[in-house]
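The following exchange is meant for a first-year student who wishes to see how the terms of structural description are applied. Each answer sets a value against a definition and then concludes.

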Amino acid sequence: MPLLIIFFALLLYIYCELSLLVSVSAALGVFPTIFLLIAISVLGIWLVKLRGLYAMLSIRQDLAQGKLPTDAVINSVLFIIAGILLIIPGFISDILAILCVLPFTRKLIKLWGLNVLKNRFQFVNFTANQTAYRTKDDNVFDAEFERQQDPDKIGRASCRER
C-alpha cells in the first residue's frame, strides 16, 4: 500500500510539473522557457560544486575547533539536495530547492527531520563504552567495545626488529 501511494504521488508530481511547464511556456514562449530551464540547471550545478567546497572548509574548521560538524553537514546536505532539485528540469522542483536554501525554511526542515528521528529512535543509555537505542518495535540494540592490540601485529613487529 505505501508503494502504491508513492507511485500515485510521483504521478501527481509529474502531472503538476508538466502542466506548469506548459503554462509557463505558453506565457513566455518555448525558447525563453528552455533558456530559463537551462540557466536554472547551470545554477544548480554551480550551487552543488560551490557548496561542496564550502562544506569541506566548514567541516575542517569545526573539527579543528574540537566541535562535531553536525550543523555544517546538515546544511551541506540540504544545499546539495537543493542543487539536485535545481538540476531537474521543472518549476516545482525549483520552488522546493529554494525552500531548501532559505535560512528560515532550512531551520524548519532540520527541526522536522530531528523530530522524525526522535520518533523513530528513542535513545536509552549513553556511556563511554556502551550505547543502546530502541526502535519503534521495541528492539534493543546494545554495543560494547574494548580497545585491544592485535597479538598478530605484535608478533610481526618483533619479527621485523630481528
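Q: In which helix is Leu-86 found, and why is Leu-86 called buried?
A: Leu-86 is found in helix α3; helices here are DSSP runs of H or I with at least four residues, strands are runs of E with at least two, and both are numbered from the N terminus. Buried means under 20% relative accessible area, exposed means over 50%, and partly exposed lies in between, with a 1.4 Å probe and protein chains only. Leu-86 has 9% relative accessibility, and therefore counts as buried.

Q: What kind of model is this, and which pLDDT do local features need?
A: This is a predicted model, in which local features need pLDDT of at least 70 and side-chain atom pairs count only at pLDDT 80 or more, whereas totals for chains, interfaces and linings use all residues. Residues are numbered from 1 along each chain as its sequence is written, and side-chain values use heavy atoms, with hydrogens and water left out.

Q: Which residues does Leu-86 touch, not counting residues up to four places away in sequence?
A: Contact means heavy atoms within 4.5 Å. With that exclusion, Leu-86 touches Ile-40, Ser-41, Leu-43, Gly-44, Leu-47, Asp-94 and Ala-97. In addition, the C-alpha atoms of Leu-86 and Ile-38 are separated by 9.9 Å, although the two are 48 residues apart along the chain.

Q: What makes Ile-74 partly exposed?
A: Ile-74, which also lies in helix α3, has 35% relative accessibility and so counts as partly exposed. From C-alpha to C-alpha, Ile-74 and Arg-106 are 9.5 Å apart in space and 32 residues apart in sequence.

Q: Why is Asp-62 described as buried, and what is Met-56 called on the basis of its relative accessible area?
A: Asp-62 has its place in helix α2; its relative accessibility is 15%, so Asp-62 counts as buried. Leaving aside neighbours within four places in sequence, Asp-62 is in contact with Lys-67, Pro-69 and Ala-72. Met-56 is in helix α2, and its relative accessible area of 49% makes it partly exposed. The C-alpha atoms of Met-56 and Val-73 are 9.2 Å from each other, with their positions 17 residues apart along the chain.

Q: Which residues of helix α4 are buried, and how do you know that they line one face of the helix?
A: In helix α4 (residues 91-101), the buried residues are Phe-91, Ser-93, Asp-94, Ala-97 and Cys-100. Seen down the axis of α4, they fall within an arc of 165°, so they line one face; the arc is that of the directions from the helix axis to the C-beta atoms. These buried residues pack against α1 (2-28), α2 (30-64), α3 (70-87) and α5 (103-120).

Q: How do you know that the charged end of Arg-51 sits over the ring of Phe-79?
A: A charge sits over a ring if NZ of Lys or CZ of Arg is within 6 Å of the ring centre and within 35 degrees of the ring normal. The charged end of Arg-51 is 4.1 Å from the centre of the Phe-79 ring and sits over it.

Q: What is the mean pLDDT of the protein chain, and which element has the lowest mean?
A: On the scale of pLDDT, the predictor's confidence in each residue from 0 to 100, the chain has a mean of 80, and 80% of its residues reach 70 or more. Among the elements, strand β2 (residues 130-134) has the lowest mean, 49, and α1 has the highest, 92. Over residues 124-132 the pLDDT is below 50.

Q: How many helices and strands does the protein chain have?
A: The chain has six helices and three strands, running α-α-α-α-α-β-β-β-α from the N terminus on. Of its 162 residues, 20% count as buried.
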